[in-house]
Amino acid sequence: MTDDQYALFEFDDTTTHVDPADVPPEPEPDEQPDVAEAISTPQPPETGSAAAATPPAWETLPGGDEADGHALIVTVEGTYTPSGRELTGPVDSVEKLDKLIRWAALTPLGAPPQVWIVNHGACEALGWVIDPGSEDDFEDMEALRTRAASDLTAVLQATLTPMLNAGWELRGDPGHVVHLSRSVGKFTSMVDVVIEPYVWTYWNKDFGWNNRVGEMGILGSPTAGTYLPDDDLPAARELGRRLAWSAKNLGVLPGPTPARTGAAIVDKIKRERTRSGKGLVVATAGPVPPLDGAPRGDLEPAVGWTRVPDAEDLDGTSRVVSIDQRAAYLASAGMLEFGYGQPEHLTGEAAAAAAVGDKGAPFGLWRVTLPPGQTLSLPGKLPLPHPHMLDDQPVQTWVTSVSLDGLCSPVADGGIGADLDDLDITEAWVYPQQGRVLDKWAKILREARRAAVDIDDVPTKRFVGSCYKGYIGRMVNPDMWTATRMQHHHQPLWRASIIAHCRWRGRRVAMRIAREHGRWPIRTVTDSWVYLLAEGEDIADPSEALGKMSVEKDTIFTDTLLSAFASAEDVHDVNLAIKAAFAEEEDE
């Protein structure tokens with residue numbers, strides 16, 4: 001099933017599930033006496049010449065039972081709860097899988113209950129085997145992925161007949177996730193069967209591609225070394241631990257993509273607020289209004305800028321350092337007030353007057369004229385304050401309220417020191433309601449991130465990052481939220497405001513660093529800034545709060561690097577030098 005088809009449903013935690021009498025056979029007590037212990041207890045590496053490599057630290061972290069009753073894990077040896085309790089012997093037919101699901105009577109948790117098929121042995125037992133070919137036979141991985149996805153769908157459609165005859169229905173084409181539903185009387189039960197070995201067959205920008213596999217949701221990333229272990233039982237144990245972690249810290253089972261997990265958290269909060277009558281609830285989409293002269297691309301682009309360092313930048317420096325905002329988008333999402341409801345279209349004096357507010361401009365879009373950069377007293381070693389601004393001519397464009405306030409900020413704080421009259425507001429779309437709609441969502445993710453950081457749980461920390469980045473990124477595209485009950489996730493102006501907020505915050509910090517340290521950046525991309533610094537010079541924020549600047553990369557100059565920066569003739573040369581510097585750090 002595609003990500004779009006998944007949007008056909010919003011899953012309520014109170015959905016009723018049928019508990020049929022058919023129970024799969026339990027294994028004899030002495031068949032696999034050590035399996036449950038092996039899956040629930042971390043095993044130390046062997047010693048001696050054939051010793052296994054020391055597992056990553058997170059594989060020795062304790063599990064939990066928070067996902068029990070909501071998910072099951074199937075390996076070739078048998079079936080287990082996420083906490084590691086053995087339930088049944090091998091599931092070696094689709095008929096047994098059907099009985100297992102109905103007997104288990106799993107309940108949803110922000111998403112449908114899940115049955116995870118781990119490793120190829122379990123797939124082979126169910127007849128779910130594909131052979132799309134070798135990477136060597138394809139010019140790029142995307143062609144291989146496309147064939148594999150097609151083959152997987154065909155195999156599943158051919159083998160799921162016993163379940164369909166037993167009353168199950170498929171929602172969309174089956175793929176790495178098989179979405180099933182079954183109605184008995186007035187009650188409908190749903191379950192997602194997740195086929196772990198074939199998750200890579202699903203292209204999604206949350207997962208990444210371009211000839212590499214990126215973050216694959218709760219499973220981690222092969223390229224980052226956070227994917228599940230290779231062997232069945234360690235893989236099952238680590239998956240169970242991560243499922244329990246998600247249930248405990250996010251309050252939901254992980255969705256088929258990180259973006260869907262972020263959406264599931266939003267929807268759970270929405271249901272709770274609707275039932276209690278307390279808190280802001282947004283139930284409608286917020287598409288971009290019809291704009292006269294809408295900019296191409298993003299309303300509020302992320303900044304991307306490089307300059308050639310001069311002699312002053314190089315004097316006394318010995319390091320190239322990258323700093324970035326800690327969980328930048330998450331910090332902004334929790335701080336900002338977002339608009340919702342039907343916006344009012346204003347023109348002329350009414351539009352200009354609407355921008356005046358006690359706490360800045362109300363949430364909306366404003367058509368302004370950005371003055372030429374060269375007419376302003378702006379620092380020459382920073383990008384222009386707004387990506388749509390030009391140095392030699394005025395630009396009429398649309399900006400969010402965040403940018404409107406940013407432009408009116410003093411130059412020392414990153415703005416241009418403009419008055420509203422200077423920006424010549426001629427048109428606006430202003431929203432009737434606004435509030436911190438994502439405050440609780442951001443708090444849940446912020447606390448989950450802290451929980452992962454505190455125990456050095458790299459996979460779950462990365463998963464949290466993928467959840468909020470993926471969800472905020474998906475706000476812009478209505479095709480991702482086509483179902484009626486999912487359309488409220490389409491909020492492109494929220495996303496634009498978050499991007500703008502991060503951009504202005506970074507610029508404000510760059511101005512502070514210039515005042516306090518006399519240092520100016522040589523590059524900025526999105527929320528990161530690259531500086532040339534002296535030994536012992538520290539420009540990062542002392543605070544551990546989200547949104548504050550922390551050191552991302554720090555490389556000492558070699559003679560080659562110093563020469564590369566000193567001889568750079570254009571921004572391309574500078575970017576190559578920065579890339580080489582940080583590549584050396586990664587190699588070390």
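# Helix packing and selected residues in a predicted model

Helices α12 and α15 run roughly parallel to each other (an angle under 35 degrees; over 145 counts as roughly antiparallel, 65 to 115 as roughly perpendicular, and the rest as oblique). Their packing angle is about 25°, and their axes lie 8 Å apart. Axes are lines fitted to C-alpha atoms, for helices over the stretch in contact, and angles run from 0 to 180 degrees between N-to-C directions. This is a predicted model: local features need pLDDT of at least 70, side-chain atom pairs count only at pLDDT 80 or more, and totals for chains, interfaces and linings use all residues. Residues are numbered from 1 along each chain as its sequence is written, and side-chain values use heavy atoms, with hydrogens and water left out.

**Contact of α12 with α15**

- Helix α12 spans residues 401-408, and V402, S403, G406 and L407 are its residues in the contact (heavy atoms within 4.5 Å) with α15.
- On the α15 side, the contact uses S497, A500, H501, R503 and W504.
- By class, the residues of this contact are 4 nonpolar, 4 polar and 1 charged (Ala, Val, Leu, Ile, Met, Phe, Trp, Tyr, Cys and Pro count as nonpolar, Asp, Glu, Lys and Arg as charged, and the others, Gly among them, as polar).

**The chain as a whole**

- The protein chain contains 17 helices and 18 strands; helices (H or I, at least four residues) and strands (E, at least two) are DSSP runs, numbered from the N terminus.
- The chain has 588 residues, of which 54% count as buried (under 20% relative accessible area, with exposed over 50% and partly exposed in between; 1.4 Å probe, protein chains only).
- About 25,600 Å² of the protein chain is exposed, and 49% of that area comes from carbon and sulfur atoms; areas are from the Shrake-Rupley method with a 1.4 Å probe, and for residues only the protein chains shown count as cover.
- Of the contacts between residues at least 6 apart in sequence, 72% join residues at least 24 apart.

**Helix α15**

- Helix α15 covers residues 492-517, which is 26 residues, and reaches 37 Å from its first C-alpha to its last.
- That reach is close to the 38 Å expected at 1.5 Å a residue, where the expected span is 1.5 Å times one less than the number of residues.
- Most of α15 is covered, with 21 of its 26 residues buried.
- G518, just after α15, takes a positive phi of about 70°.

**Helix α14 and its crossing with α8**

- Helix α8 (residues 258-276) packs against helix α14 (residues 458-474) at an angle of about 80°, with 7 Å between their axes.
- The two helices, α8 and α14, are therefore roughly perpendicular to each other.
- In α8 the residues involved are P258, A259, T261, G262, A263 and V266, and they meet F463, S466, C467, G470, Y471 and R474 in α14.
- The contact of α8 with α14 is made up of 7 nonpolar, 4 polar and 1 charged residues.
- Helix α14 has 17 residues and reaches 24 Å from first C-alpha to last, close to the 24 Å expected.
- Of the 17 residues of α14, 13 are buried, so the helix is largely enclosed by the rest of the structure.

**C467 in α14**

- C467 lies in α14, and it counts as buried at 0% relative accessibility.
- C467 and P258 are 209 residues apart along the chain, yet their C-alpha atoms are separated by 4.3 Å.
- Apart from neighbours within four places in sequence, C467 is in contact with P258, A259, T261, G262 and L445.

**Positive phi at non-glycine residues**

- N119 is not a glycine, but has a positive phi of about 70°.
- N119 lies in helix α4 (residues 119-125) and is buried, at 13% relative accessible area.
- D424, also not a glycine, has a positive phi of about 50°.
- D424 sits in the loop between α12 and β14 (427-430) and is partly exposed at 41% relative accessibility.

**Two other loop residues**

- Q393 is in the loop between β12 (364-370) and β13 (395-400), and its 40% relative accessibility counts as partly exposed.
- The C-alpha atoms of Q393 and G373 are separated by 7.8 Å, with their positions 20 residues apart along the chain.
- Leaving aside neighbours within four places in sequence, Q393 is in contact with L370 and P372.
- A545 belongs to the loop between β17 (528-533) and β18 (549-556) and is partly exposed, with a relative accessible area of 35%.
- A545 and A327 are 218 residues apart along the chain, and their C-alpha atoms are separated by 9.2 Å.
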